[in-house]
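The following paragraphs lead the reader through one structure, moving from single residues to helices and then to a ligand. Please keep the sequence and the model in view while reading.

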Amino acid sequence: MRDTDFFRRWMAAAAAAVEREANRLTELDSPIGDADHGSNLLRGFTAVRAALEAEPPATPAAVLGLAGRTLISTVGGASGPLYGTLLRRTGKELGDAAEVSDEDVRKALDAGVTAVAALGGAAAGDKTMLDALLPGVAALGTSYRAAAEAAEAGAAATVPMLARKGRASYLGERSIGHQDPGATSSALLLAALAEAAG
Ligand code: ADP
Ligand code: MG
Ligand code: MG
């Protein structure tokens with residue numbers, strides 16, 4: 001079973017990964033975006049870390065709800081509401097349980113990713129964060145490590161894609177040949193989950 005501390009460790013590992021990779025995320029957002037993805041997420045996850053320390057939540061759902069609300073209120077870019085929705089919706093699915101099973105986590109994340117797709121109107125192959133999140137969550141039934149690897153492969157697979165959503169879509173054919181920054185950060189998020197699972 002996974003307790004509240006597991007979700008706190010997930011968010012702490014995500015914050016650390018974003019801190020480590022912020023420059024790379026911003027560099028990826030430079031040819032096909034506005035060069036702010038790393039700084040957006042760094043601001044967001046720094047605030048998440050501070051919020052979780054200021055008022056330690058009592059349940060898994062409360063950790064993800066607080067983290068999601070914090071991302072929505074601190075990240076200006078498209079990724080803020082999308083990641084905020086992912087975490088809030090995932091948290092909501094977990095209800096008020098003090099401990100949840102890995103199958104609960106899988107189902108909740110599946111609902112979270114569905115909510116991201118509904119909010120952004122994107123689907124698989126549109127060269128967005130969903131191209132890492134969808135294969136990642138599909139592999140959660142195997143293990144957290146498999147999910148992280150599938151998300152990483154999904155992010156790499158965005159390189160030849162033509163962007164159909166978000167800023168990169170304004171570039172049309174010129175979006176081809178670059179890895180999507182949001183898919184890259186989604187792979188970091190699932191790698192952080194695997195790290196928390198140990
Ligand atoms: P902005 O584009 O507003 O500057 P960010 O740079 O923080 O925001 O985030 C860009 C990332 O957000 C993209 O790389 C993509 O993965 C993701 N994204 C943008 N629009 C959508 C959408 N409609 N659906 C899913 N993901 C999206
Ligand atoms: Mg950007
Ligand atoms: Mg921006």
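Leucine 109 counts as buried, because 24 C-beta neighbours lie inside 10 Å, and 20 or more are required for that class. The model in which this residue is examined is a predicted one. Leucine 109 belongs to helix H5. Leaving aside neighbours within four places in sequence, leucine 109 is in contact with Thr90, Val137 and Leu140. A further relation across the chain links leucine 109 with leucine 87: the two are 22 residues apart in sequence, and their C-alpha atoms are 8.1 Å apart in space.

The helix that carries leucine 109 can be considered next as a whole. Helix H5 covers residues 102-120, and at 1.5 Å a residue its 19 residues should span 27 Å; the C-alpha atoms at its ends are 27 Å apart, so expectation and model agree. The buried residues of H5 are Val105, Ala108, Leu109, Gly112, Val113, Val116 and Gly120. These buried residues line one face of the helix, because they fall within an arc of 140° when H5 is seen down its axis. On the other side of H5, Glu103 and Ala118 are exposed. What covers the buried residues of H5 includes two strands, E1 (2-3) and E2 (99-100), and two helices, H4 (79-94) and H6 (130-138). After H5 comes glycine 121, which has a positive phi near 65°.

The loop between H5 and H6 holds lysine 127. Which sign does phi take at lysine 127? The value is positive, near 65°, in a residue other than glycine. Lysine 127 counts as buried because it has 27 C-beta neighbours inside 10 Å. Alanine 35 offers a second case, with a positive phi of about 55° although it is not a glycine. Alanine 35 is found in the loop between helix H1 (4-28) and H2. With 15 C-beta neighbours inside 10 Å, alanine 35 counts as partly exposed, since that class lies between the limits of 20 or more for buried and 12 or fewer for exposed.

Helix H2 leads to another buried side of the model. Phenylalanine 45 is found in this helix, H2, and is buried, with 28 other C-beta atoms within 10 Å. Not counting residues up to four places away in sequence, phenylalanine 45 touches Ala14, Ala15 and Val18. Alanine 16 is 29 residues from phenylalanine 45 along the chain, and the C-alpha atoms of the two are separated by 8.5 Å.

Helix H4, already met as part of the cover over H5, contains tyrosine 83. Tyrosine 83 counts as buried because 30 C-beta neighbours lie inside 10 Å. Its C-alpha atom is separated by 6.9 Å from that of glycine 68, 15 residues away along the chain.

The surroundings of ligand 1 bring several of these elements together. How many residues surround ligand 1? There are 23, and the closest are Gly77, Gly120, Thr128, Gly166 and Gly182. Helices H2 (37-54), H4 and H8 (181-197) are the elements that give two or more residues to this shell. H8 gives the most, with three residues. By class, the shell around ligand 1 has ten polar, seven nonpolar and six charged residues. Gly120 thus appears among the buried residues of H5 and among the closest residues to ligand 1.

Helix H8 itself has 17 residues and reaches 25 Å from its first C-alpha to its last, close to the 24 Å expected at 1.5 Å a residue. H8 is mostly covered, with 13 of its 17 residues buried. Just after H8, glycine 198 takes a positive phi of about 80°.

A database record supplies a wider frame for these elements. In an unreviewed entry, UniProt places the feature "domain: DhaL" at residues 5-195. Within the model, this span is 68% helix and 1% strand, and its end C-alpha atoms lie 13 Å apart.

Note on methods: Residues are numbered from 1 along each chain as its sequence is written. Chains are lettered from A and ligands numbered from 1 in the order in which they are written. This is a predicted model: local features need pLDDT of at least 70, side-chain atom pairs count only at pLDDT 80 or more; totals for chains, interfaces and linings use all residues. Helices (H or I, at least four residues) and strands (E, at least two) are DSSP runs, numbered from the N terminus. The expected span of a helix is 1.5 Å times one less than its number of residues. The arc is that of the directions from the helix axis to the C-beta atoms. Two residues are in contact if their C-beta atoms, placed from the backbone, lie within 7 Å. A residue is near a molecule or strand if its C-beta atom, placed from the backbone, lies within 6 Å of it. Ala, Val, Leu, Ile, Met, Phe, Trp, Tyr, Cys and Pro count as nonpolar, Asp, Glu, Lys and Arg as charged, and the others, Gly among them, as polar. UniProt positions are given in the numbering used here, feature names are shortened, and annotations may be inferred rather than shown by experiment.
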